[in-house]
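User: I am new to this structure and would like a close look at a single part, the metal site and what lies around it. Could you walk me through it?

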Amino acid sequence: MIHLHDVKKHYRQGENSVLACEVSDLRIGRGEQVALVGRSGTGKTTLLHLLAGILRADAGTVEIAGQRIDAMTEPQRDRFRGQHIGMVYQTFNLLQPFTALENVLLGALFGRGAGHDAEARAKSLLERVGLADRMHHRPSELSVGQVQRVAICRALVNDPEVILMDEPLGNQDKATGAQVLDLLLQLAREGNKTVVMVTHDPESAQRMQRTVDLATLRRSAS
Ligand SMILES: Nc1ncnc2c1ncn2[C@@H]1O[C@H](COP(=O)(O)OP(=O)(O)OP(=O)(O)O)[C@@H](O)[C@H]1O
Ligand SMILES: [Mg+2]
């Protein structure tokens, strides 16, 4: 489902360029649930953004669902993301003027999930993460953990084949985090979805089928 080969991503910084992410070879099968771990600054967010097509690799190949997204233009990658990928950003990226429900519905608007049942799906997801009575609140009127759960619902509303999550449970208390992870894994199993979740929490990592440490993906490490 996912195959990266000899991938490199640099960030330019004035005269210098920083190697932010390097992956010699990584394969993740359809329906596999993977925890992505590694110390701060090792390139986890950069890798998720490469998988989502938000960033483009400087070198190497990135194949998802049989398509080479490294060879696509930006509009093609945007369309691909809308159709195949649900992303939970480390910084959530909710739109401030809109309510929780509207933010989730915006996820459907840009993807394949637009249609008459989008609102029902959005509401049902918000209910399942414990936000039934917060649907009409704006992000500024929600707690950080609640905003994070809205971002998770937005990623799921299109029923994507690939779910990418950047520390999606980092602001949840233990019980809520476990409950949201239960929901995620249940939806993933039901729909045979591929999940890549960045986490610093060993307990969450253990619930996934496999753990990938970014430090072991570099060419020099293999
Ligand atoms: N826009 C940027 N310009 C220059 N360097 C960057 C930029 N974004 C990230 N970096 C650098 O690239 C490296 C990888 O960053 P990235 O955000 O992918 O790390 P991370 O593993 O997600 O870290 P964390 O666990 O703290 O979220 C870091 O060393 C960072 O300083
Ligand atoms: Mg990060």
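Analyst: Happy to help; here is the metal site, then the helix beside it in the account, then some charged pairs.

A word on the ground rules first. This is a predicted model, in which local features need pLDDT of at least 70 and side-chain atom pairs count only at pLDDT 80 or more, while totals for chains, interfaces and linings use all residues. Residues are numbered from 1 along each chain as its sequence is written, chains are lettered from A and ligands numbered from 1 in the order in which they are written, and side-chain values use heavy atoms, with hydrogens and water left out.

Now to the metal. Two residues coordinate the magnesium ion (ligand 2): Thr45 through OG1 and Gln90 through OE1, at 2.0 to 2.3 Å. Donors here are N, O and S atoms within 2.8 Å of the metal (3.2 Å for Na, K and Ca), and since water is not among the atoms, sites may look incomplete. The two residues come from distant parts of the chain, 45 residues apart: Thr45 sits in helix α1 (residues 44-52), and Gln90 in the loop between β6 (85-88) and α3 (100-109). Helices (H or I, at least four residues) and strands (E, at least two) are DSSP runs, numbered from the N terminus.

How open are these two residues? Buried means under 20% relative accessible area, exposed over 50%, and partly exposed in between (1.4 Å probe, protein chains only). Thr45 is partly exposed at 26%, and Gln90 is also partly exposed, at 39%.

The helix that holds Thr45 is worth a pause. In α1, 8 of the 9 residues are buried, so the helix is largely enclosed by the rest of the structure. Among the buried ones are Lys44, Thr46, His49 and Ala52. Just after α1 comes Gly53, with a positive phi near 80 degrees.

Finally, the charged pairs. The structure holds 12 salt bridges, each being a side-chain nitrogen of Lys or Arg within 4 Å of a carboxyl oxygen of Asp or Glu. One of them joins Glu161 to Arg30, with the closest N and O atoms 3.9 Å apart. This pair links distant parts of the chain, 131 residues apart: Glu161 lies in the loop between α5 (144-156) and β7 (162-166), and Arg30 in the loop between β2 (16-28) and β3 (33-37). Arg30 is partly exposed, at 48%. Another bridge pairs Asp70 with Arg68 at 2.8 Å; Asp70 is buried at 11%, whereas Arg68 is partly exposed at 41%.
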